[in-house]
Amino acid sequence: MAVNIPTFKLSTGLTIPAVGYGCGTKWYGAAKDETGLDRALVNSMVEAIKLGYRHIDGAEMYGNEAEIGAAIKESGVPRDQLFITTKLFPSVKDPKARFVESLKNLGVDYIDLYLLHCPFFDKQSHGVSVGEVWEAIEALHDNGKGPARTIGVSNFLVPDLEELMKTAKITPAVNQIEIHPYCFDEALYKYCNDNNILLTAYGPLSATVRFAGGPLDAVLEKIGQKYGKTKEQVQIKWGLEMGWVVVTTTQKKERMVLYGDMEGWNLEKEEVEEIKKVGLSKPQRAFWDGKYKFVQGEGWKRVDKE
Ligand SMILES: NC(=O)C1=CN([C@@H]2O[C@H](COP(=O)(O)OP(=O)(O)OC[C@H]3O[C@@H](n4cnc5c(N)ncnc54)[C@H](O)[C@@H]3O)[C@@H](O)[C@H]2O)C=CC1
Ligand SMILES: O=CCc1c[nH]c2ccccc12
């Protein structure tokens, strides 16, 4: 294998590869060819799987579950060696029907990790509550016997998790949220650690690919030079050392190789802390515009709930 990717354990006992191949952002809404597929994505995913990536991060919302299905088949790698995540579009009244549709699109009979994509809906405005949707997702998990092998959430802050836990029978095993050094939520980190919820970082390279020119550039460059790694590799490694899974997106083979080169080197504890400290000096996030804001002295808050 060209890549070396560590694995983490989920509260369900399943093993999750700690670097995942993302099918959102650059692939979201891309054009389809005459066969109805985004061929560039299928080819890219097959390349990633052949290099050794085993964790694919998809979502109903990205409109490309069929591409994931095609890539699984074309890769020739057995289904049970892959870890497939997909996400339920948030405010739907019949999650089971949507789940069955996702299985069909993906051409699989179970999902390793099924996430509720976001908490930005409620009974009053959308006719269904987060608690009701979560109950339907719990039924798909069926205490580990169902086709949703692990269930979790995405884009939940601490108050969202606390609200969910008032009615939930099952604690989400995962919370996938934007995390990079400029978007670090200490309270969420603590809550998830205390409750055995594994964090997954999306947008992990944002410090350099979206917010270049900030105070982290020099720090990441310095640390990267010490280990002979790029600033982006250092960001992924930082996430892994903080203890969260990282999902990243790329079409370029050389970047797939770099971002999967995650064994045999480690950051010093002081370097992990330095990245965190410098990142915290300039809080900013890239996704879900208008949903969150940073309040000095308090941290990240939902804006849409005010
Ligand atoms: N649950 C959610 O609400 C969300 C989930 N996601 C998931 O997370 C995955 C990863 O998120 P991203 O923000 O795409 O991750 P990311 O932070 O790794 O950014 C990837 C982007 O940076 C570019 N890039 C990578 N290396 C670069 C380099 N060396 N120089 C310049 N540009 C570079 C890539 O071409 C790509 O456009 C998505 O594909 C999706 O699966 C993403 C956003 C929201
Ligand atoms: O899962 C990701 C949802 C999302 C939120 N903002 C954007 C922007 C571009 C692609 C995907 C997303």
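These legends go with close-up views of a predicted model. Local features need pLDDT of at least 70 and side-chain atom pairs pLDDT 80 or more, while totals for chains, interfaces and linings use all residues. Residues count from 1 along each chain as its sequence is written, with chains lettered from A and ligands numbered from 1 in the order in which they are written.

**View 1. The barrel is closed and has eight strands.** Its order is 3-4-5-6-7-8-9-10, with parallel pairing; two strands pair if DSSP finds at least two bridges between them. From one strand to the next, the twist averages 30 degrees (angles run from 0 to 180 degrees between N-to-C directions, with axes fitted to C-alpha atoms, for helices over the stretch in contact). Strands here are DSSP E runs of at least two residues, and helices are H or I runs of at least four, numbered from the N terminus.

**View 2. Strand 3 (residues 19-22) meets strand 4 (residues 55-57).** They run parallel, joined by two bridges. Tyr21 has Ile56 of strand 4 as its bridge partner. Helix 5 (residues 130-141) packs on the sheet and touches strands 5, 6 and 7, making about 155 degrees with strand 7; contact means C-beta atoms, placed from the backbone, within 7 Å.

**View 3. Ligand 2 sits among Gly24, Thr25, Tyr28, Ala59, Phe287 and Trp288.** Near means a C-beta atom, placed from the backbone, within 6 Å. That shell splits into four nonpolar, two polar and no charged residues (Ala, Val, Leu, Ile, Met, Phe, Trp, Tyr, Cys and Pro count as nonpolar, Asp, Glu, Lys and Arg as charged, the others, Gly among them, as polar).

Note on methods:
Contact = placed C-beta atoms within 7 Å.
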